[in-house]
Amino acid sequence: MAAFNVTPSDPSTFILTGIPGLEPAHVWMSIPFSTFYTIGLLGNVMVLFVVGKEQTLHKPMYLLLCILALTDISTSTSVIPKALCIFWFNLKGITVGGCLTQMFFLHAVSVMHSAVLVTMAFDRYIAICSPLRYATILTNARIAKLGLVGLIRAVLIILPLPLLLIRQPFCANRIIPHMYCEHISVVKMSCGNITVNRTYGLVMAFVVIGLDLTLIALSYGLIIRAVLRISSKKAHQKALNTCTAHMCVMLTFYTPFLFSSLAHRFSQGFAPHIHIILANLFFLIPPMLNPIIYGVKTKELRDKVGKYTSRICLPVRH
């Protein structure tokens, strides 16, 4: 394994330790990590394939699901392959440029993911509160434009993070006790004044999530008001069922995201390995569960996935 060793004094390299205190168990830890990553990758690729192949699914709701699937794939792929290299081959070294690039992508995709959830909440609001105008308000072109706006917002918000860090002097000890280059972990490697870096990172996280959660809460407040005006219990149930999948996806995203953001800054009460394992759930659980949630709760998508799965699994009869 000598070829894989990188000295902490190398000025162009950081060292990612993996899960501190559990190094002997890294190979065993790789089993759930690789399993969850593979399931999430296959599920999201299946969503993209089915929606792309089926003309009947070329609708705003399913276009949003495709954007969500792309962000899920990007989220897990920005972190898990490098983590598996650490687990399997002890490849702990990462260049400063590679570290800042990974940091930019994983945070930018997270902000993009949040924007997609806001757009999906707006989609549900229009579908329930203005169903007759849905087709004119939310077209595929408009959804694509909203997706582009979300991407531009993510890039503009996150780009200052690596730009501020690249100007910082880094200390001789470049060991990052983590599996990936999270912003605050890299900031702690600096020997310079990091007040601006810490403040911007914290304010950015709370402003973005606070704004997005406010918009989602506003959408659902209007949805609940509209549902309460409906006299039919059956209509109540149908309206709420259309929101169930989105609410589940929100919980799987925002809960670990907020925990991860706070734990990195206020982690004194956590054992390092517990903190890192829980933080990594953010990159594993949502990408794995999202296609399952929408596959179960969306009948049209479920039927189409079932059709293609049966074609693959069952031999063709002539």
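**From a salt bridge to the pockets and cavities**

R153 forms a salt bridge with D212, and the closest N and O atoms of the two side chains are 2.9 Å apart. This pair links distant parts of the chain, since R153 belongs to helix α6 and D212 to helix α9 (residues 195–228), with their positions 59 residues apart in sequence. The model is a predicted one, and the description that follows should be read in that light. The two partners differ in their surroundings: R153 counts as partly exposed because its relative accessibility is 22%, whereas D212, at 1%, falls under the 20% limit and is therefore buried.

Both of these residues also touch S114, which is found in helix α4 (residues 96–129). Leaving aside neighbours within four places in sequence, S114 is in contact with R153 and D212, and also with I209, F253 and Y254. S114 has a relative accessibility of 0%, and so it counts as buried.

Helix α6 (residues 140–158), which carries R153, also has a part in a nonpolar patch on the surface, to which it gives the largest share, five residues. The patch covers about 610 Å² and is made by L148, L151, I152, V155, L156, L159 and L163. Of these, L163 lies in helix α7 (residues 160–165), and it counts as partly exposed because its relative accessibility is 49%.

Side chains of opposite charge can pair when their charged atoms come close. A search of the whole structure finds six salt bridges, and among them is one in which the side chains of E300 and K59 meet at 3.4 Å, N to O. Because E300 lies in helix α12 and K59 in the loop between α1 and α2, this pair ties together parts that are 241 residues apart in sequence. E300, at 28% relative accessibility, counts as partly exposed, and K59 is likewise partly exposed, with a relative accessible area of 35%. Another bridge joins the side chains of D303 and K299 at 2.8 Å, N to O, but here both residues lie in helix α12, four residues apart, which is about one turn of the helix. D303 is partly exposed at 40%, while K299 is exposed, with a relative accessible area of 53%. In addition, E54, K304 and K307 are linked in a network of salt bridges.

Turning to the open spaces, the largest pocket holds about 440 Å³. It is lined by 19 residues, of which M61, R124, K238, N241 and T242 are the closest to its centre. Helices α4, α10 (233–265), α11 (272–297) and α12 (299–313) each supply at least two residues of this lining, and α10 gives the most, with seven.

The structure also holds five cavities of 30 Å³ or more. The second largest of the cavities has a volume of about 60 Å³, and its lining consists of N44, V47, L65, L68, A69, D72, N290, P291, Y294 and L301. Helices α1 (26–53), α2 (60–77) and α11 each supply at least two of these residues, with the largest share, four residues, coming from α2.

A last stop is I19, in the loop between β1 (13–16) and α1. I19 counts as buried because its relative accessibility is 0%. Apart from neighbours within four places in sequence, I19 is in contact with H26, M29, F87, M179, H273, I276 and I277. I19 and P81 are 62 residues apart in sequence and, C-alpha to C-alpha, 15 Å apart in space.

Key: Residues numbered from 1 in each chain as written. Predicted model: local features only at pLDDT ≥ 70, side-chain atom pairs only at ≥ 80, totals over all residues. Heavy atoms only, no water. Buried < 20%, exposed > 50% of the residue type's maximum accessible area, 1.4 Å probe, protein only. Contact = heavy atoms within 4.5 Å. Patch = residues over 30% accessible without salt bridge, like charges linked within 9 Å, V, L, I, M, F, W, Y side chains within 5 Å. Areas by Shrake-Rupley, 256 points an atom, 1.4 Å probe, with all protein chains shown as cover. Salt bridge = Lys/Arg side-chain N within 4 Å of Asp/Glu carboxyl O. 1 Å grid on protein atoms, 1.4 Å probe; cavity = no way out; pocket = protein on both sides within 12 Å on 5 of 7 lines; lining within 4 Å. Points joined across faces, edges and corners; volume = space filled by probe spheres on them.
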